[in-house]
Amino acid sequence: MLNNNTTVPTYDVVIAGTGVSGLYAALNVDPSLSILIVSKRELELSNSALAQGGIAAVLDRDKDSREKHIRDTLIAGGYKNKLEAVEVLVDEGPRDVRRLIELGVDFDRDSLGRLHMTLEGGHSINRIVHHKDTTGLEVVQKLAAHVKNKNNITVMENAAIMKMDKIDGGFCLGILKDGGLLNVCSRYAILATGGIGRVYKYTTNSKIATGDGIVLAHRLGAKVSGLSLIQFHPTAFAAREERERFLISESVRGEGAYLLNCRGERFMPSYDERGELAPRDVVSRCIMEESKRTGSEDFYLDITAQDPEFVKKRFPSIYSKCLAEGIDITKDRIPVFPCQHYLMGGIDVDTYSRTSVGRLYAVGECSRTGVHGNNRLASNSLLEALVFSRRAALDISERVRNEENTLRPRALFEMKKGKPLPTGIRSEVRSIVQSSFFVNPNFDAAKKGLARVCELDDMLEHTEFEYSLDLLEAKSLVKIAKLILTEVTDESFQL
Ligand SMILES: Cc1cc2nc3c(=O)[nH]c(=O)nc-3n(C[C@H](O)[C@H](O)[C@H](O)COP(=O)(O)OP(=O)(O)OC[C@H]3O[C@@H](n4cnc5c(N)ncnc54)[C@H](O)[C@@H]3O)c2cc1C
């Protein structure tokens, strides 16, 4: 039985996630409000911390323009983007990048002290600011240092939100922490829980990416859509045994690398006049076509024509990671193959990141602002995480100023000590999704896969299993797989 005589910890805002979107939201909420920010594992374990290429923004108005950035975003997204959201992104993004600089983020500069801007696929001009090839980690570390210094913000690591429900004036959340389930209440909640990559066998995503926030929102009745809008990055390091594949950033192609087939031939120009710098979905599909044509899955990225010293300085992390695999990228071709990378769909939000559930916001990769359309333009994701998390934070702050606090805190959840979770569920789901929809859909596999995933979902929902991180993630992955395969098997599905 729950003991509601005990005091439930209560905050104005709970933020689920310590990636760029969660951390930046926390820094933008009115400092007079109390905030709890939680991360499922260690604070720096996130997709944000893995981001290499950089952040796209119109910072040089002499050469670049909002119209160009908007056009590039729309072309990459197949004109399926929400124009209003794209305009907000492009118009407000430069301000947030400048704010990062004020917060101490050290973007690379040229010998004259000007920001170094690189090029990536789908961009018509160099507009991507970066910190070597470890931009995400730099941003996360700088934002985290500020968050930890704020008196109004409590940071909780290794704390996974497993349950969430509406109560009068806000939410009650059940957080798995130190083997127990902690009840916490808040007036507002921001989901910043990242992507879904771990529903695939091979992904560039970190192990937190199991779609928990999307599933929590879905259970609360929030509108969730576009789960089959998945981006497959064309150039992940082809270590086929590894689940988490190391990304060879698009900016390597931006700095002149060519894609080669198993015969060492450059093939992209014969498929698309933009060559290696076509948008990601195009390059990934061309690789799959070329694979069929040559009967081989061996593909390479070749940057050996570039000055070795430049390559080592510009891509220190990629250089050392490849070296550890026996590949010296200044001399050798890098084996690459497409793999799951990013989710364009998610929890539907408006341009203030409000979901369809009152007081619930979603930001970053778990949200669907509509800026990316059917395919995200490179380096627009961190920008989206910044712009729309700030807007969520400001909207909440404004609403709190203008309303009475009606929160009635109470504990809703208790720890369950049921059966242990059977092993193998997550691996099975990953195999199903990988074989049903990887770059191109396999409709037969998707139909069979959906039937099996529905069985697993039913079993997980109706059996009393002991609460654990494993259970939370297995349930999330099964539900995410169900949402993806439901869309893929729908008659209206098209790429
Ligand atoms: C290898 C790689 C390279 C990339 N490079 C770029 C790039 O150069 N430029 C660009 O714009 N984008 C890039 N992206 C995409 C971009 O990094 C992500 O889309 C973005 O960082 C997502 O940020 P986020 O804050 O939404 O989520 P994340 O950074 O993934 O953070 C999610 C947070 O939610 C927490 N969480 C999850 N579930 C729970 C739960 N149940 N309870 C509590 N906490 C939870 C996690 O612990 C984590 O703290 C890259 C992605 C990858 C994987």
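Me: What makes the backbone of Ala-192 a polar contact of the ligand?

Reply: The model is predicted, and in it a polar backbone atom of Ala-192 lies 3.3 Å from an oxygen atom of the ligand. A polar contact is a pair of N or O atoms within 3.5 Å, so a pair at 3.3 Å qualifies.

Me: Which elements give two or more residues to the shell around the ligand?

Reply: They are helix H1 (20-28), helix H2 (47-50), strand E7 (160-167), strand E14 (334-343) and helix H12 (380-401).

Me: Where does a backbone N or O atom of Gly-54 lie with respect to a nitrogen atom of the ligand?

Reply: The backbone atom of Gly-54 is 2.8 Å from that nitrogen. With the cut-off at 3.5 Å, this pair therefore counts as a polar contact. A polar backbone atom of Val-20 is 3.5 Å from an oxygen atom of the ligand.

Me: How much of the accessible area that the ligand has on its own does the protein cover?

Reply: The ligand has 1000 Å² on its own, and the protein covers 99% of this.

Me: How many residues surround the ligand, and which are the closest?

Reply: The ligand is surrounded by 38 residues. Ser-21, Ser-48, Glu-365, Ser-381 and Leu-382 are the closest. Sorted by class, the shell holds 20 polar, 13 nonpolar and five charged residues.

Me: Why does Asn-183 count as buried?

Reply: Asn-183 has a relative accessibility of 10%. Buried means under 20%, so Asn-183 belongs in that class. The residue is part of strand E9 (residues 180-191).

Me: What does the side chain of Asn-183 reach at 2.7 Å?

Reply: At that distance is the backbone oxygen of Phe-413. A polar atom of the Asn-183 side chain is also 3.0 Å from the backbone nitrogen of Leu-412. Leu-412 and Phe-413 both appear among the contacts of Asn-183 beyond four places in sequence, together with Val-8, Pro-9, Cys-172, Leu-173 and Ala-411.

Me: How do you know that the span of helix H15 agrees with 1.5 Å a residue?

Reply: Helix H15 (residues 469-488) has 20 residues, which should span 28 Å at that rate. The C-alpha atoms at its ends are 28 Å apart, so the two values agree.

Me: Why is H15 called largely enclosed by the rest of the structure?

Reply: H15 is called this because 15 of its 20 residues are buried. Lys-479 is in this helix. Its relative accessibility is 13%, and buried means under 20%, so Lys-479 counts as buried although lysine is in the charged class. Beyond four places in sequence, Lys-479 is in contact with Val-215, Asp-457 and Glu-461.

Me: Which residues of H5 are buried?

Reply: Among the buried ones are Val-139, Val-140, Leu-143, Ala-144 and Val-147. Helix H5 (residues 135-148) has 14 residues and reaches 20 Å from its first C-alpha to its last, close to the 20 Å expected. An α-helix has 3.6 residues a turn, so residues three or four places apart point the same way.

Me: Why is Lys-132 called neither buried nor exposed?

Reply: Lys-132 has a relative accessible area of 35%. Buried is under 20% and exposed is over 50%, so Lys-132 is partly exposed. It lies in the loop between strand E5 (128-129) and H5. Phi of Lys-132 is near 45 degrees, a positive value in a residue other than glycine.

Me: Is Arg-359 buried or exposed, and what makes it so?

Reply: Arg-359 is buried, because its relative accessible area of 15% is under 20%. Its place is the loop between strand E15 (346-348) and strand E16 (360-362). Phi of Arg-359 is near 70 degrees, again a positive value in a residue other than glycine.

Me: What makes Glu-42 partly exposed?

Reply: Its relative accessible area is 43%, which falls between 20% and 50%, so Glu-42 is partly exposed. Glu-42 lies in the loop between strand E2 (35-38) and H2. Leaving aside neighbours within four places in sequence, Glu-42 is in contact with Glu-157 and Asn-158.

Me: Where is the place of Phe-246?

Reply: Phe-246 is in the loop between strand E11 (230-237) and helix H7 (250-254). Not counting residues up to four places away, Phe-246 touches several residues, including Gln-52, Phe-237 and Lys-321.

How values were computed: Residues are numbered from 1 along each chain as its sequence is written. This is a predicted model: local features need pLDDT of at least 70, side-chain atom pairs count only at pLDDT 80 or more; totals for chains, interfaces and linings use all residues. Side-chain values use heavy atoms; hydrogens and water are left out. A residue is near a molecule or strand if one of its heavy atoms lies within 4 Å of it. A polar contact is a pair of N or O atoms within 3.5 Å; within protein, one must be able to donate a hydrogen and the other to accept it, and residues adjacent in sequence count only if both atoms are side-chain atoms. Accessible areas come from the Shrake-Rupley method with a 1.4 Å probe; for residues, only the protein chains shown count as cover. Helices (H or I, at least four residues) and strands (E, at least two) are DSSP runs, numbered from the N terminus. Buried means under 20% relative accessible area, exposed over 50%, partly exposed in between (1.4 Å probe, protein chains only). Contact means heavy atoms within 4.5 Å. The expected span of a helix is 1.5 Å times one less than its number of residues.
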